[in-house]
Amino acid sequence: MAAEPPVLPDSAEARRWAAEELAKPEYRDAAPSWVDTLWRNFLDWLQSLDGSSGDSTAVPSPVIALVIAAIIAAAIILARPRLNARARKAKDVFEREAAMSAIDYRNRAEAAAAAGKWGDAVVDRFRAVVRSAEDRTILDPQPGRTADEAARALSVSFNAESGRLLRAAAVFDGIRYGNRYAGSADYQEMVGLDSDLDATKPVPSGSAVRLP
């Protein structure tokens with residue numbers, strides 16, 4: 001049996017498809033401003049091709065469909081760099097909030113854990129790790145620091161804990177900026193890391209000595 005020919009939209013349907021596709025926020029927000037003007041001009045040109053005014057030189061629908069596909073492809077290409085830039089946006093450890101101490105973060109983490117909100121508990125306990133290191137002058141306060149940057153910086157002074165630090169940073173990012181599930185075991189691991197670092201004296205050489 002011969003395959004059925006593809007269904008091609010007429011010019012009105014093609015305009016509707018293109019308008020719905022390019023009206024999506026990811027295109028309109030990410031594309032350069034001059035694309036809006038280009039889009040309006042394109043719609044005006046497309047309107048002139050439908051032959052509604054009785055013009056005998058109306059462009060066939062297949063041609064219009066190909067033009068629509070080309071316009072959408074161009075919009076995707078233009079939007080992709082900015083969309084990728086958003087995806088690469090720095091994943092800060094701290095939110096833009098009033099300064100909190102390591103104890104504040106620990107208390108908030110404990111409250112979240114008591115309520116079974118393990119994701120919030122893990123996130124705040126990692127923040128306690130970083131804030132404690134800042135309070136102890138192991139790390140200089142640095143706005144915009146990411147979890148991975150904090151873990152790598154702490155690994156210099158706590159070389160023996162570098163693996164745990166990097167895993168903790170990955171867990172933090174997965175929960176805070178991804179869709180990672182957190183449980184009580186994740187929280188207990190973060191509590192253990194926080195407690196061990198707090199009880200360890202950092203040494204510039206990268207070795208570390210447990211405090212008595």
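Which exposed residues does the face of α7 turned away from its buried side carry? Let us keep that in mind while we look around, remembering that this is a predicted model.

First, the overall layout. The protein chain has 212 residues, and 36% of them count as buried. Nine helices and two strands make up its secondary structure. Reading from the N terminus, the order is α-α-α-α-α-α-α-α-α-β-β, with the helices coming before the strands. If you take the contacts between residues at least 6 apart in sequence, 63% of them join residues at least 24 apart.

Now to helix α7, which spans residues 147–157 and has A147, A150, A151, L154, S155 and S157 as its buried residues. These residues sit on the same side of α7, because the arc they cover around the axis is only 150 degrees. The general geometry helps here: an α-helix has 3.6 residues a turn, so residues three or four places apart point the same way. And here is the reply to the opening question: R152 and V156 are the exposed residues on the face of α7 turned away from its buried side.

Two residues of the buried side deserve a closer look. L154, a member of helix α7, has a relative accessible area of 2% and is therefore buried. Leaving aside residues up to four places away in sequence, L154 touches V129, A133, I138, L139 and L165. V129 and A133 fall within helix α6, which covers residues 118–135, while L165 is one of the α8 residues that meet α9. You can also follow L154 towards L197: the two are 43 residues apart in sequence, and their C-alpha atoms are 9.6 Å apart in space.

S155, also found in helix α7, counts as buried because its relative accessibility is 12%, under the 20% limit. A polar atom of the S155 side chain lies 2.8 Å from the backbone oxygen of A151, and A151 is itself among the buried residues of α7. Beyond residues up to four places away in sequence, S155 touches S162 and L165. L165 is thus a contact of S155 as well as of L154.

From L165 we can step into the packing of α8 on α9. Helix α8 (residues 162–177) and helix α9 (residues 184–198) pack at an angle of about 135 degrees, and their axes are 11 Å apart. That angle makes α8 oblique to α9. The crossing of the two helices is left-handed. On the α8 side, the residues involved are R164, L165, R167 and A168; on the α9 side, they meet E189, M190, G192, L193, D196 and L197.

The pairing of α5 and α6 offers another view of helix packing. These two helices pack at an angle of about 165 degrees, with axes 8 Å apart, and are therefore roughly antiparallel to each other. Here too the crossing is left-handed. From α5, the residues A102, Y105, R106, R108, A109, E110, A112 and A113 take part, meeting W118, D120, A121, D124, R125, R127, A128, R131, S132 and D135 in α6.

One of those α5 residues is worth a stop. R106 lies in helix α5, which runs over residues 102–114. R106 is buried because its relative accessible area, 17%, is under 20%. What does its side chain make a polar contact with? The partner is the side chain of D194, at 2.7 Å. Setting aside residues up to four places away in sequence, R106 touches R125, A128, S132, D194 and D198.

Finally, let us visit two loops. T137 is found in the loop between α6 and α7. Most residues other than glycine have a negative phi, but T137 has a positive phi of about 60 degrees although it is not a glycine. T137 is exposed, with a relative accessible area of 65%.

The other loop joins α4 (61–87) to α5, and D92 lies in it. D92 and P143 are 51 residues apart along the chain, yet 8.0 Å separates their C-alpha atoms. Not counting residues up to four places away in sequence, D92 touches G144, R145, F172 and Y177.

Note on methods
Residues are numbered from 1 along each chain as its sequence is written. This is a predicted model: local features need pLDDT of at least 70, side-chain atom pairs count only at pLDDT 80 or more; totals for chains, interfaces and linings use all residues. Side-chain values use heavy atoms; hydrogens and water are left out. Buried means under 20% relative accessible area, exposed over 50%, partly exposed in between (1.4 Å probe, protein chains only). Helices (H or I, at least four residues) and strands (E, at least two) are DSSP runs, numbered from the N terminus. The arc is that of the directions from the helix axis to the C-beta atoms. Contact means heavy atoms within 4.5 Å. A polar contact is a pair of N or O atoms within 3.5 Å; within protein, one must be able to donate a hydrogen and the other to accept it, and residues adjacent in sequence count only if both atoms are side-chain atoms. Axes are lines fitted to C-alpha atoms, for helices over the stretch in contact, and angles run from 0 to 180 degrees between N-to-C directions. Angles under 35 degrees count as roughly parallel, over 145 as roughly antiparallel, 65 to 115 as roughly perpendicular and the rest as oblique. A crossing is left-handed if the near helix is turned anticlockwise from the far one by less than a right angle, and right-handed if clockwise.
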